[in-house]
There are 2 protein chains.
Amino acid sequence: MTPTRPVDKFDRRRDELAESALTTLGAMGYARSSLREIAGNSPFSHGVVHYYFEDKLELVIYSVRYYKARCVTRYDAVVRDSATAGELVEAFAAKLAQTIRDEAPMHRLWYDLRTQSMFEEGLREAITEIDAALEAMIWRVVDRYAALTGCPPSVTASSAYAMLDGLFQQALLAFTAGGEPVLDGLATQVRAVLPLLVRQGVCDRSPSTSR
Amino acid sequence: MTPTRPVDKFDRRRDELAESALTTLGAMGYARSSLREIAGNSPFSHGVVHYYFEDKLELVIYSVRYYKARCVTRYDAVVRDSATAGELVEAFAAKLAQTIRDEAPMHRLWYDLRTQSMFEEGLREAITEIDAALEAMIWRVVDRYAALTGCPPSVTASSAYAMLDGLFQQALLAFTAGGEPVLDGLATQVRAVLPLLVRQGVCDRSPSTSR
DNA sequence: GACTTCTCTTGACAACTGTCAAGATCGGGC
DNA sequence: GCCCGATCTTGACAGTTGTCAAGAGAAGTC
């Protein structure tokens, strides 16, 4: 019935707790989210956390994994449905801005956890894994863009991800401080940057799709 | 005598405390650095902080400002001394890798605070200001690179900063997990990316300096 | 219906936090 | 030498934290 059917009731509860935890974590950040606060934003009491999770870290990691699992396919529809390079750029830029609008707290949390992983060894493995999945997600976009233009990519997958992630992060930062208006700037930036990620000199005569 | 002479003894002590605070903050991150821990890594006791600073936030902001003031000129020598575009790229890439090697904790702290500023209003003003100074610092490099190649920049200052910052952050992340070896990758990436930041199609016949 | 197992709440614990006040210590001016 | 202000230490405060144990409640089985 549910899109991802939990193996049993136990796993279902874990997901439920993760969902509640994400609300709190997204609003307050990792450091300031206490287990009592997290439980407060859930139908349960603070003690229940230790019934379903070993400790706070396990809950946090489970939660961010739970969220990111749904996210790494965010641009796949864009990749699938765009018939021209121009279309892809616009759809991608729009989707980036949209997710900042809709899910800013989750993105803030992600950057928070990724940064904390540099101080807290225990986070590192999960963060590294998710970051690799995000890199792959972005690469599908860039690779498809390259195919549509008929030009080969000009940078590696990790460079492309790092650069676009940098743009996204700055946009999120600006959005947090300034709200809605800054999002147009992100779209403009993406329109300017994506073409730089393919080698325009050496383009195919017949790109994989019409232009 | 000292390079930057404090107005009086009071300011000198603030700097001294800031220096100690940076040690702790860089090692543990913002959230896990208590005032007692900070004072422990200083010649003073934990109570003295409130003699020199209003509260913890003021100390942290003062400390990061104190550090970043010295940093925003990091690449100015590179900009000044490079006679060719190739030289500039190499010197810039080397300097980026070097500062990760030498000052990783400080960079970790910076990203930590910048992220926390999305959750903690009180940090926002200082962070925004420093980020703008960093953007200007990077722009001096890119602008000079453009001049040396004779090609105009292909992106805005904020895009250039965001992208290079993204690369730097990924390198820092990888360095934290994997150490020294990953730094070669950063240099390679910078060599590939800097040329994308100028419009190679429309280059001047006579770049500002010989090539 | 009794018994067992799963689920959850409550209350407590020790440790830690930022803050601050009371007083010790120090240094320079008279 | 004495005093006064600046400087610093000590100890305490109220609040919060993650963790866990004891037991209440629910659910399912025989």
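Helices (H or I, at least four residues) and strands (E, at least two) are DSSP runs, numbered from the N terminus. With that in hand, let's start the tour. This is a predicted model, in which local features need pLDDT of at least 70 and side-chain atom pairs count only at pLDDT 80 or more, while totals for chains, interfaces and linings use all residues. Residues are numbered from 1 along each chain as its sequence is written, chains are lettered from A and ligands numbered from 1 in the order in which they are written, and side-chain values use heavy atoms, with hydrogens and water left out.

**Stop 1: chain A on its own.** Select chain A and show it as a cartoon. You will find 9 helices and 0 strands. The C-alpha trace of chain A spans about 65 × 40 × 30 Å along its principal axes.

**Stop 2: the annotated N-terminal spans.** Next, select residues 11-71 of chain A, which an unreviewed UniProt entry annotates as "domain: HTH tetR-type". UniProt positions are given in the numbering used here, feature names are shortened, and annotations may be inferred rather than shown by experiment. This span is 72% helix and 0% strand, with its end C-alpha atoms 20 Å apart. Now narrow the selection to residues 34-53 of chain A, labelled "DNA-binding region" in the unreviewed UniProt entry. Here the chain is 50% helix and 0% strand, and 14 Å separates the end C-alpha atoms.

**Stop 3: a pair inside one helix.** Pick E121(A) and R124(A) and show their side chains. Both lie in helix α7 of chain A, 3 residues apart, about one turn of the helix. They form a salt bridge (a side-chain nitrogen of Lys or Arg within 4 Å of a carboxyl oxygen of Asp or Glu), and their closest N and O atoms are 3.2 Å apart. Over all chains, the count of salt bridges comes to 24.

**Stop 4: both chains together.** Bring chain B into view. A rotation of 180° with 0.0 Å of shift along its axis superposes chain A on chain B, with an RMSD of 0.0 Å; the fit is by least squares on the C-alpha atoms of residues with pLDDT of at least 70 in both. The two copies are thus related as by a two-fold rotation axis. The same surface serves both copies, as 100% of the contact residues of chain A recur in chain B.

**Stop 5: the interface.** Select the residues in contact, meaning heavy atoms within 4.5 Å: 39 residues of chain A meet 39 residues of chain B. The chains bury about 3200 Å² between them, 64% of it on carbon and sulfur atoms; buried area is the accessible area (1.4 Å probe) that two parts lose on being put together, summed over both.

Which residue forms a salt bridge with R32(A)? Zoom in on E120(B): the closest N and O atoms of this pair are 3.0 Å apart. Across the interface the rule finds 2 salt bridges.

To finish, colour α8(A), which supplies the largest share of the side of chain A that touches chain B, 13 residues.
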